[in-house]
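Work through the following exercises with the sequence and the 3D view side by side, and try each task before you read its solution.

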Amino acid sequence: MTKRQDGDSDGETNPDTGGVAEDYTVTLTFDDGPHPVYTPQVLELLEEHDAIAVFCMVGQRAREHPEIVRQVVDAGHALCNHTDTHDEKLSERTREEIERQITETDEALDDAVGGDTEVRWFRQPATFVQPQVETVLGDHGLEPLDWTLDPRDWSRPGTESIVQDVLGGLEPGSVILLHDGGGDRSQTVAALDQILTGLDAAGYRYVLPGDP
Ligand SMILES: [Zn+2]
């Protein structure tokens, strides 16, 4: 990871952080939850580092673990619609089926949190949001959410590999893709601790997508 120095940007520098600019932002996103084991572990680490994140949830899993959805929202994090069944072939579906995937997930998330939060984003499984899916989003008040940094943590490449990929590829404005659900995420949780420590040390600020 490169620690950013004076003169590296137009931003003001902060003498308290050794000349690291104040205005570097990063967005953390977690996909495929909620998960009864790993989501709470991720939440605990985020709290320790005073970080906020977006959780891209699968409708079916939200119906199985509504209490975890509630925990995420109560901790101040944002929700993102990640389809009802984690449909990786969503682009090939009819408009009706795409609508169904979105609506059922929205309902599952709403049911879990009693309408206490507005779901602002949609992330398509396994790909950036494709045009035929994006055209449907506006009707549901959703914005597409892609990413810029993918350490492929879901493939369990080892904690060190996940940490290196994220901190090595980091830039101001990076949107980091990690997974709290969909399998054994112990490597991701272990990596997250180091990633957050690295982000803090480099002076990064955690923001939601599109926020300044
Ligand atoms: Zn996913």
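A salt bridge is a side-chain nitrogen of Lys or Arg within 4 Å of a carboxyl oxygen of Asp or Glu. Keep in mind throughout that the model is predicted.

**Exercise 1.** Decide whether the side chains of Arg63 and Asp84 meet in a salt bridge, and then describe where the two residues lie and how accessible they are.

*Solution.* Step 1: the N to O distance for Arg63 and Asp84 is 2.6 Å, and because the cut-off is 4 Å, the pair counts as a salt bridge.
Step 2: the pair links distant parts of the chain, since Arg63 belongs to helix H2 (residues 59-64) while Asp84 sits in the loop between strand S5 (78-81) and helix H4 (95-113), 21 residues apart.
Step 3: Arg63 has a relative accessible area of 44% and is therefore partly exposed, whereas Asp84, with 3%, is buried.

**Exercise 2.** Find out how Glu97 and Arg100 are placed relative to each other in helix H4, and which larger network they take part in.

*Solution.* Step 1: Glu97 forms a salt bridge with Arg100, with the closest N and O atoms 3.1 Å apart.
Step 2: because the two residues are three residues apart in helix H4, about one helical turn separates Glu97 from Arg100.
Step 3: Glu97 is partly exposed at a relative accessible area of 22%, and Arg100 is partly exposed at 31%.
Step 4: a network of salt bridges links Glu97 and Arg100 with Arg63, Asp84 and Glu104.

**Exercise 3.** Are Asp31 and Arg123, which meet in a salt bridge, buried or exposed?

*Solution.* Step 1: the side chains of Asp31 and Arg123 come together in a salt bridge of 2.8 Å, N to O.
Step 2: this pair also joins distant parts of the chain, with Asp31 in strand S3 (residues 25-33) and Arg123 in the loop between strand S6 (121-122) and helix H5 (131-137), 92 residues apart.
Step 3: buried means under 20% relative accessible area, so Asp31 counts as buried at 3%, and Arg123 likewise counts as buried at 0%.

**Exercise 4.** Describe the surroundings of His179, beginning with its place in the chain.

*Solution.* Step 1: His179 lies in strand S8 (residues 174-179), and at 7% relative accessibility His179 counts as buried.
Step 2: the side chains of His179 and Asp153 are joined by a polar contact of 2.8 Å.
Step 3: leaving aside neighbours within four places in sequence, the residues in contact with His179 include Asp31, Trp154 and Arg185.

Technical notes:
Residues are numbered from 1 along each chain as its sequence is written. This is a predicted model: local features need pLDDT of at least 70, side-chain atom pairs count only at pLDDT 80 or more; totals for chains, interfaces and linings use all residues. Side-chain values use heavy atoms; hydrogens and water are left out. Helices (H or I, at least four residues) and strands (E, at least two) are DSSP runs, numbered from the N terminus. Buried means under 20% relative accessible area, exposed over 50%, partly exposed in between (1.4 Å probe, protein chains only). A polar contact is a pair of N or O atoms within 3.5 Å; within protein, one must be able to donate a hydrogen and the other to accept it, and residues adjacent in sequence count only if both atoms are side-chain atoms. Contact means heavy atoms within 4.5 Å.
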